[in-house]
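Hi,

Here is the structure I said I'd pass on. Have a look at it first, and then read on for what turned up in it.

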Amino acid sequence: MILKNWLRFMQTNIFSDQINNYWRNIDKGILFCFTLLFLLGLFFSFSSTSSLAGERLNKDYYFFFSKHLIFVLASMLIMFLISFIELKILKKLIIPVFLILSLLLILVPLIGVEVNGAKRWLDFYFFKFQPIELIKPFFVLAIANILTTYGKRTSNISYLFSFLILSAIIILLINQPDIGQSILLIGTWMSIVFISGIALSYIFFFLFSFILGLGSLLFLLPQKFGYITNRLITYLDPSKGDGFQTSIALDAIRQGGLRGQGMGEGVLKYNVPEAHTDYVIAIIAEEFGSVISIFLIIIFLYIAFKIVKKTITVIDRNLKISLCGLSSLLIFQTFIHIGVNTSLLPTTGMTLPFLSYGGSSLFGSAILAGVILNYTKNRFEEDEF
């Protein structure tokens, strides 16, 4: 009995020490920002979906909010678990998890569910999700692992192998079709290889290859990919296409002004389908004002600044490239979402990390946040390998 109590006491002390060690080494500024974004997303979800569910869809007013609450709680749990895992274990899990998620992405064209003309979802009855949202952070980590396999220098074989992995994912995405995520991954991959020290001539070659391949698809398969041409034409000349969603979003931002129309008083959520996912920043600007939108942008930029600042002191090259890639992924996706909402970019259907409604997007954001928190912990040099 005494031995049993002693073992229980030791286990409690060990767990307490682990918690104290976690709190001492975690970057509290980044942790606070991620937590704040999750909570703000929950608040904005209540504002943007409650009246929509009750008045337009004849559902309970808290239908979307209750689901979003579950997603947020689960996402924050995922974030804390990933940030708590030992670095050695996390690095060993990267490639296996990436391969499993890639397999799920391959299954999308075979057993995927089509929504609004695009087959991007897998439906496992209890949960419907987009595999690409979960793949993105692990894609960054996998590419970083490939580029740092040979130590301080990256070989041309590593660049070619990483490009082939990118190409395989892009082919699967274009087939869905999902050009927005394709552009996001290409931009993120280019930032990763640039940081790793690749020659600019190689980057221009890969970029030219992508443009040539996309142009070939538009020319050879106009029926399947003609929508890309239509969106580009509408973006360049709104009078020649149906760009009402972006126009309404831009009008909503103007009407919101600096102080906003008030919580729940916006009309964008009624006029644009799935506005609480693809146009959430416009809803926020309309109801709460541009000041709040700018505040959210500052939070994202602050996170990126803290990550880049951390890479200066980190010795492990893999951590450096991974952190730069993850911050690029976060900022690029945020920029694309805001760019579409403000008519700076063609429509892509990109969610805003942490703030848009949807389990897939939130879980992907949680994985990204958890890895960033794990990689930015204060560590002794010998722990980084």
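Let's start with a pair of charged residues: D316 and K91 are both buried. They also form a salt bridge with each other, and the closest N and O atoms are 2.8 Å apart. This pair links distant parts of the chain, as D316 sits in the loop between α14 and α15 (317-341) while K91 belongs to helix α4 (residues 87-111), 225 residues apart.

Before I go further, please keep in mind that this is a predicted model. The average pLDDT over the protein is 81, and 80% of the residues score at least 70. One stretch to treat with care is residues 380-385, where the pLDDT is below 50; beyond near neighbours in sequence, that stretch has 11 contacts in the model.

Now the general picture. The protein has 16 helices and three strands. Of its 385 residues, 50% are buried. If you take the contacts with a separation of 6 or more, 73% of them are between residues 24 or more positions apart. The accessible surface comes to about 19,300 Å², and carbon and sulfur atoms account for 69% of that.

Back to the salt bridges. How many does a search of the whole structure find? There are three, and you've already met the one between D316 and K91.

Another joins the side chains of K306 and D27, at 3.7 Å from N to O. K306 lies in helix α14 (residues 290-313) and D27 in the loop between α1 (2-25) and α2 (28-56), so this pair ties together parts that are 279 residues apart in sequence. D27 has a relative accessibility of 14%, so it counts as buried, the cut-off being under 20%.

Then there is the bridge between the side chains of K136 and E133, with 3.0 Å between N and O. These two are three residues apart in helix α5 (residues 131-147), so about one helical turn separates them. Are they buried or exposed? K136 is buried at 2% relative accessibility, and E133 is buried too, with a relative accessible area of 4%.

What about disulfides? The count comes to zero. As for cysteines, C33 is buried, with a relative accessible area of 7%, and C324 is buried as well, at 13%.

On the outside, there is a nonpolar surface patch that you may want to find in the viewer. Which residues make it? They are F194, I195, L200, F204, L207 and I211, and together they give a patch of about 580 Å². Two helices, α7 (179-196) and α8 (200-220), each supply at least two residues of the patch. The largest share, four residues, comes from α8.

F204 is a good one to click on. This phenylalanine is found in helix α8, and its relative accessibility is 55%, so F204 counts as exposed; the cut-off for that is over 50%. F210 lies in helix α8 too, but at 22% relative accessibility F210 counts as partly exposed. F210 and I186 are 24 residues apart along the chain, and their C-alpha atoms are separated by 8.7 Å.

Two more residues are worth a look towards the end of the chain.

H337 has its place in helix α15 and is buried, at 1% relative accessibility. Leaving aside residues up to four places away in sequence, H337 touches T277, D278, Y279, V280 and I281, and also M350, T351, L352 and S356. H337 and T347 are 10 residues apart in sequence, and from C-alpha to C-alpha the two are 9.0 Å apart in space.

F354 is the other one. It is not a glycine, and yet it has a positive phi of about 75 degrees. You'll find F354 in the loop between α15 and α16 (359-375). Is F354 buried or exposed? At 0% relative accessibility, F354 counts as buried.

That's what I have for now. If you'd like a route through the structure, try the salt bridge between D316 and K91, then the nonpolar patch with F204 in it, and then the surroundings of H337, including Y279 and M350.

Cheers

Technical notes. Residues numbered from 1 in each chain as written. Heavy atoms only, no water. Disulfide = S-S within 2.5 Å. Buried < 20%, exposed > 50% of the residue type's maximum accessible area, 1.4 Å probe, protein only. Patch = residues over 30% accessible without salt bridge, like charges linked within 9 Å, V, L, I, M, F, W, Y side chains within 5 Å. Areas by Shrake-Rupley, 256 points an atom, 1.4 Å probe, with all protein chains shown as cover. Salt bridge = Lys/Arg side-chain N within 4 Å of Asp/Glu carboxyl O. pLDDT = per-residue confidence, 0-100. Contact = heavy atoms within 4.5 Å.
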